[in-house]
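I opened this one to poke around a handful of residues and helix contacts. These are my notes, in the order I looked things up.

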Amino acid sequence: MQNFPNAYVITGSIASGKSTVVNLLKERGFSVIDADLIAHEQLEICKREIVEVFGEQILDEAGKIDRKKLGVIVFNEPKKLKNLEQILHPKIKAEIFFKASQFEGLGQVYFVDIPLFFEKKERYSEFKNVAVIYAPKELLLSRLMNRNALNLEAAKARVGLQMDIEQKKKMAKFVIDNSSDMEHLKLELEKFLGQICAIS
């Protein structure tokens with residue numbers, strides 16, 4: 001099993017502020033492996049294989065995979081989602097581990113942005129240091145409704161697709177609280193960086 005002692009996973013729930021934290025880390029000069037970006041790249045790399053399974057209906061006018069069209073199919077049919085994951089996941093994981101191995105060679109702290117880390121924990125068990133960006137569920141719903149112009153029911157449905165934030169908080173090695181304003185978040189981030197730099 002590979003070992004990544006310098007890696008710190010950043011995860012959270014929808015609307016918890018994970019992207020904000022990742023951007024703050026990048027501003028500080030830290031390296032970040034973006035699992036979503038790798039997934040998007042692999043979607044195009046594996047286009048032929050995916051079209052064979054899902055048909056040309058998932059392509060846009062330019063012949064690229066339309067993620068919204070594909071999303072509608074896979075989220076309404078769990079079997080199709082499994083098919084897509086079987087195509088993409090081994091390649092996504094291999095790319096994340098390849099990049100992580102390169103960063104390990106530098107001997108410096110780096111971060112891995114994996115939105116659904118706890119939902120897919122068995123896939124990424126090699127990563128032991130996990131920080132969850134935390135905000136209580138009521139605040140997640142409020143932010144999501146404002147950000148995506150959703151009603152309460154639609155926001156609850158989105159949040160309900162993921163593991164409960166309180167459970168993630170219990171499972172994480174580190175918690176970065178984002179239940180207040182930006183100044184509070186920056187202080188929380190400084191506290192977290194102080195902890196991990198002391199460990200490293």
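**Entry 1: Val-53.** I started with Val-53, which comes out partly exposed, with a relative accessible area of 38%. I keep in mind throughout that this is a predicted model. Val-53 sits in helix α3. Setting aside neighbours within four places in sequence, I find Val-53 in contact with Asn-83 and Ile-87. I also took a distance to Leu-84: the two residues are 31 apart in sequence and 8.5 Å apart in space, C-alpha to C-alpha.

**Entry 2: α3 against α5.** Next I wanted the helix pair behind those contacts. How do α3 and α5 run relative to each other? The axes of α3 (residues 47–54) and α5 (residues 78–104) come within 11 Å and cross at roughly 170°. Angles over 145 degrees count as roughly antiparallel, so α3 and α5 are roughly antiparallel to each other. On the α3 side I noted Glu-49, Ile-50, Val-53 and Phe-54 as making the contact. The α5 side brings Lys-80, Asn-83, Leu-84, Ile-87, Leu-88 and Lys-91.

**Entry 3: α4 against α5.** I then checked α4 (residues 67–76), whose axis comes within 5 Å of the α5 axis and crosses at roughly 120°. That makes α4 oblique to α5. From α4 I listed Leu-70, Ile-73, Val-74 and Asn-76, which meet Pro-78, Lys-80, Leu-81 and Leu-84 in α5. Lys-80 and Leu-84 of α5 had already turned up in my α3 list.

**Entry 4: the annotated binding site.** I pulled the UniProt record next. Which residues does it list under "binding site"? The entry, which is unreviewed, gives Ala-15, Ser-16, Gly-17, Lys-18, Ser-19 and Thr-20. I then looked for this set around the largest pocket, and its lining takes in Ala-15, Ser-16, Gly-17, Lys-18, Ser-19 and Thr-20. I picked two of these residues for a closer look.

**Entry 5: Ala-15.** Ala-15 is in the loop between β1 (7–12) and α1 (18–27). Its backbone caught my eye: phi is positive, about 70°, although Ala-15 is not a glycine. Is Ala-15 buried or exposed? Its relative accessible area is 11%, so I put Ala-15 down as buried. Not counting residues up to four places away in sequence, Ala-15 touches Leu-140, Arg-143, Leu-144 and Arg-147.

**Entry 6: Lys-18.** Lys-18 belongs to helix α1. I had to check whether this lysine was buried or exposed, and with a relative accessible area of 12% Lys-18 is buried. Beyond its neighbours within four places in sequence, Lys-18 is in contact with Ile-10, Thr-11, Gly-12, Asp-113, Pro-115 and Ile-133.

**Entry 7: Ala-149.** I found a positive phi at Ala-149 too, about 55°, and this residue is not a glycine either. Ala-149 lies in the loop between α6 (137–148) and α7 (152–160). Here the relative accessible area is 72%, so Ala-149 is exposed, whereas Ala-15 is buried.

**Entry 8: cysteines.** How many disulfides are there? I get zero; the rule asks for a pair of cysteine sulfur atoms within 2.5 Å. I looked at two cysteines while I was there. Cys-46 is buried at 5% relative accessible area, while Cys-197 is partly exposed at 47%.

**Entry 9: Leu-189.** Leu-189 is in helix α9 (residues 182–199). With a relative accessible area of 4%, Leu-189 is buried. Where does its side of the chain meet other parts? Leaving out neighbours within four places in sequence, I see Leu-189 in contact with Val-21, Leu-24, Leu-25 and Ile-176. I also took the distance to Ile-96, which is 93 residues apart from Leu-189 along the chain: the C-alpha atoms are separated by 24 Å.

**Entry 10: Asp-164.** Last stop was Asp-164, in the loop between α7 and α8 (165–171). Asp-164 is partly exposed, with a relative accessible area of 34%. Pro-136 is 28 residues apart from Asp-164 along the chain, and their C-alpha atoms are separated by 9.7 Å.

Methods. Residues are numbered from 1 along each chain as its sequence is written. This is a predicted model: local features need pLDDT of at least 70, side-chain atom pairs count only at pLDDT 80 or more; totals for chains, interfaces and linings use all residues. Side-chain values use heavy atoms; hydrogens and water are left out. Helices (H or I, at least four residues) and strands (E, at least two) are DSSP runs, numbered from the N terminus. Buried means under 20% relative accessible area, exposed over 50%, partly exposed in between (1.4 Å probe, protein chains only). UniProt positions are given in the numbering used here, feature names are shortened, and annotations may be inferred rather than shown by experiment. On a 1 Å grid over the protein atoms alone, a cavity is a set of points where a 1.4 Å probe fits but cannot get out, and a pocket is an open set with protein on both sides within 12 Å along at least five of seven lines; lining residues have an atom within 4 Å of a point. Contact means heavy atoms within 4.5 Å. Axes are lines fitted to C-alpha atoms, for helices over the stretch in contact, and angles run from 0 to 180 degrees between N-to-C directions. Angles under 35 degrees count as roughly parallel, over 145 as roughly antiparallel, 65 to 115 as roughly perpendicular and the rest as oblique.
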